[in-house]
Amino acid sequence: MLLPVLLATSLGLAALPVETLQSIRALPAHIAGRFAELAACEQARDGTLFVFDRRAHAVSTVPPSRDSARTIIQIGAEPGRILRPLAFDLAADGTFVVADAPFGQGRVQIFFETGASLGGFSLPTRELPLIILDGLVLNGVASLEYTGSAVLMSRPESGSLVNEYAVDGRTIRAFGALRPTGHEADRDVHLALNAGLVLANPAGGYFYVFVAGEPAFRKYDAKGNLVFERHIQGIELDEYIRTRPTSWPRWRTEDGLVVPLVRPAVRAGAVDADGRLWISLAEPYTYVYDADGD
């Protein structure tokens with residue numbers, strides 16, 4: 001250990017200040033510890049935190065003072081409650097959505113910031129858990145994005161990558177051509193390799209991040225027209241690319257459905273206020289892309 005110290009001293013580095021990074025806007029441990037599985041935590045404009053506890057089938061709020069937590073959505077299959085929840089998203093106006101799948105039927109519910117029901121709708125088909133990572137479903141209703149006036153989600157089984165729904169469940173539009181996979185003869189595999197995350201861009205338009213198969217993402221404009229497609233590359237993905245299978249074993253879900261087991265490359269994605277795309281891999285690594293996909 002002496003040599004590095006002497007070298008640093010000779011270079012004049014020993015006197016440099018050491019910066020200690022501090023967390024900001026963090027949940028105190030005694031509050032965070034109340035949640036069984038803190039799957040999402042989003043902040044409203046007034047500083048209130050909305051906490052999605054997947055394992056408890058609940059949504060809670062934490063005030064800006066961070067000194068308490070109050071459950072506003074509880075477990076249940078009836079409207080206004082959630083059962084087997086899959087996704088959560090908060091809009092800028094304070095309303096939020098929770099996607100769940102009671103009895104295997106995909107459902108989207110919209111709530112006021114108080115937890116009072118604003119409405120919702122069910123999807124016409126059963127949810128197939130084709131993409132699973134660490135026990136979490138990543139495809140279908142679990143991929144939703146809520147803008148405050150519409151819900152977007154990945155629905156390749158419809159023939160398009162993205163379906164946009166009004167808050168009453170009406171289909172507004174569908175856009176995004178499915179990419180070729182070489183497995184078109186196996187419908188479930190073909191759909192799984194087209195599953196992705198729909199992300200609204202504050203600068204306008206949308207990103208679509210494929211979660212399995214060839215790592216890639218697309219950018220669409222506000223009208224749903226393709227702007228560009230980029231492949232995701234890096235040494236962190238080398239092992240995933242090298243070991244990608246050409247056939248997939250089947251497994252039986254809790255609902256008795258037999259589906260292919262497809263390993264994802266991507267865990268999560270988000271777009272920041274400047275329009276930069278953040279992609280977190282299944283491996284513990286995150287890529288950041290600018291508005292031009294670089």
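Here are some questions and answers about this predicted model, going through its sheets, rings and empty spaces.

Q: Which strands sit at the edges of the open sheet with the order E15-E16-E17-E18?
A: This sheet has four strands and its pairing is antiparallel. Neighbouring strands are turned by 15 degrees against each other on average, direction ignored. An edge strand pairs on one side only, and that description fits E15 (196-200) and E18 (226-231).

Q: Which residue in E16 stands opposite Leu197?
A: E15 and E16 (residues 206-210) run antiparallel, and five bridges join them. Go to Leu197 and look across to E16, and the residue standing opposite is Val209.

Q: What is the average turn between neighbouring strands in the sheet E1-E2-E3-E4?
A: Again we have an open sheet of four strands with antiparallel pairing. Its edges are E1 and E4 (70-73), each pairing on one side only. With direction ignored, the average turn between neighbours comes to 30 degrees.

Q: Which residue in E3 stands opposite Phe52?
A: The two strands to look at are E2 (residues 49-53) and E3 (residues 58-62), antiparallel and joined by five bridges. Opposite Phe52, the residue in E3 is Val59.

Q: Which residue of E23 is the bridge partner of Ile279?
A: E22 (residues 277-281) and E23 pair in the antiparallel sense, with four bridges between them. The link from E22 to E23 is a hairpin of four residues. Look in E23 for the bridge partner of Ile279 and you land on Tyr287.

Q: Along E23, which side chains point to one face and are buried?
A: Side chains alternate along this strand, which covers residues 286-289. Thr286 and Val288 point to one of the faces and are not buried. The other face has the buried pair, Tyr287 and Tyr289.

Q: Which residues form one aromatic cluster with Tyr287 and Tyr289?
A: The structure holds 13 aromatic pairs. Tyr287 and Tyr289, the buried side chains of E23, belong to one aromatic cluster. Their companions in that cluster are Phe207, Phe217, Phe228 and Tyr285.

Q: Are the planes of Phe96 and Phe111 stacked or edge-to-face?
A: Among the 13 aromatic pairs, this one has its ring centres 5.3 Å apart and its planes at 25 degrees. Planes under 30 degrees apart count as stacked. The angle falls under that cut-off, so the pair is stacked.

Q: Where in the chain do Phe96 and Phe111 lie, and how many residues apart are they?
A: Both rings are buried, with Phe96 at a relative accessible area of 0% and Phe111 also at 0%. Phe96 is in E6 (residues 96-100) and Phe111 in E7 (residues 105-111). The pair links distant parts of the chain, with a separation of 15 residues.

Q: Why does the pair of Phe121 and Tyr165 count as tilted?
A: The ring centres are 5.5 Å apart and the planes are at 35 degrees. Stacked needs under 30 degrees and edge-to-face over 60, and the rest are tilted. An angle of 35 degrees fits neither of the outer classes, so this pair is tilted.

Q: How many residues apart in sequence are the parts that Phe121 and Tyr165 tie together?
A: Phe121 is buried at 7% relative accessible area, and Tyr165 is buried at 6%. Phe121 lies in E8 (residues 117-126) and Tyr165 in E13 (residues 160-166). The pair therefore ties together parts whose separation in sequence is 44 residues.

Q: Which arginine lies over the face of Phe228?
A: Phe228 is one of the members of the aromatic cluster. Over at Phe210, the charged end of Arg179 sits over the ring, 3.9 Å from its centre. For Phe228, the distance to the ring centre is 4.1 Å and the residue is Arg230.

Q: Which residues are closest to the centre of the largest pocket?
A: This pocket has a volume of about 730 Å³. E1 (38-43), E5 (85-90), E11 (145-146), E15 and E21 (266-271) each give at least two residues to its lining. Of the 21 lining residues, those closest to the centre are Glu42, Asp89, Leu90, Glu145 and Val271.

Q: How much space lies in the largest cavity?
A: The structure holds one cavity of 30 Å³ or more. The lining of the largest cavity includes Leu193, Tyr240, Trp248 and Arg263. The space inside is about 60 Å³.

Technical notes. Residues are numbered from 1 along each chain as its sequence is written. This is a predicted model: local features need pLDDT of at least 70, side-chain atom pairs count only at pLDDT 80 or more; totals for chains, interfaces and linings use all residues. Side-chain values use heavy atoms; hydrogens and water are left out. Two strands pair if DSSP finds at least two bridges between them. Axes are lines fitted to C-alpha atoms, for helices over the stretch in contact, and angles run from 0 to 180 degrees between N-to-C directions. Buried means under 20% relative accessible area, exposed over 50%, partly exposed in between (1.4 Å probe, protein chains only). Rings of Phe, Tyr and Trp (its six-membered ring) pair if their centres lie within 6.5 Å; planes under 30 degrees apart count as stacked, over 60 as edge-to-face and the rest as tilted. A charge sits over a ring if NZ of Lys or CZ of Arg is within 6 Å of the ring centre and within 35 degrees of the ring normal. On a 1 Å grid over the protein atoms alone, a cavity is a set of points where a 1.4 Å probe fits but cannot get out, and a pocket is an open set with protein on both sides within 12 Å along at least five of seven lines; lining residues have an atom within 4 Å of a point. Grid points are joined across faces, edges and corners, and a volume is the space filled by probe spheres set on the points.
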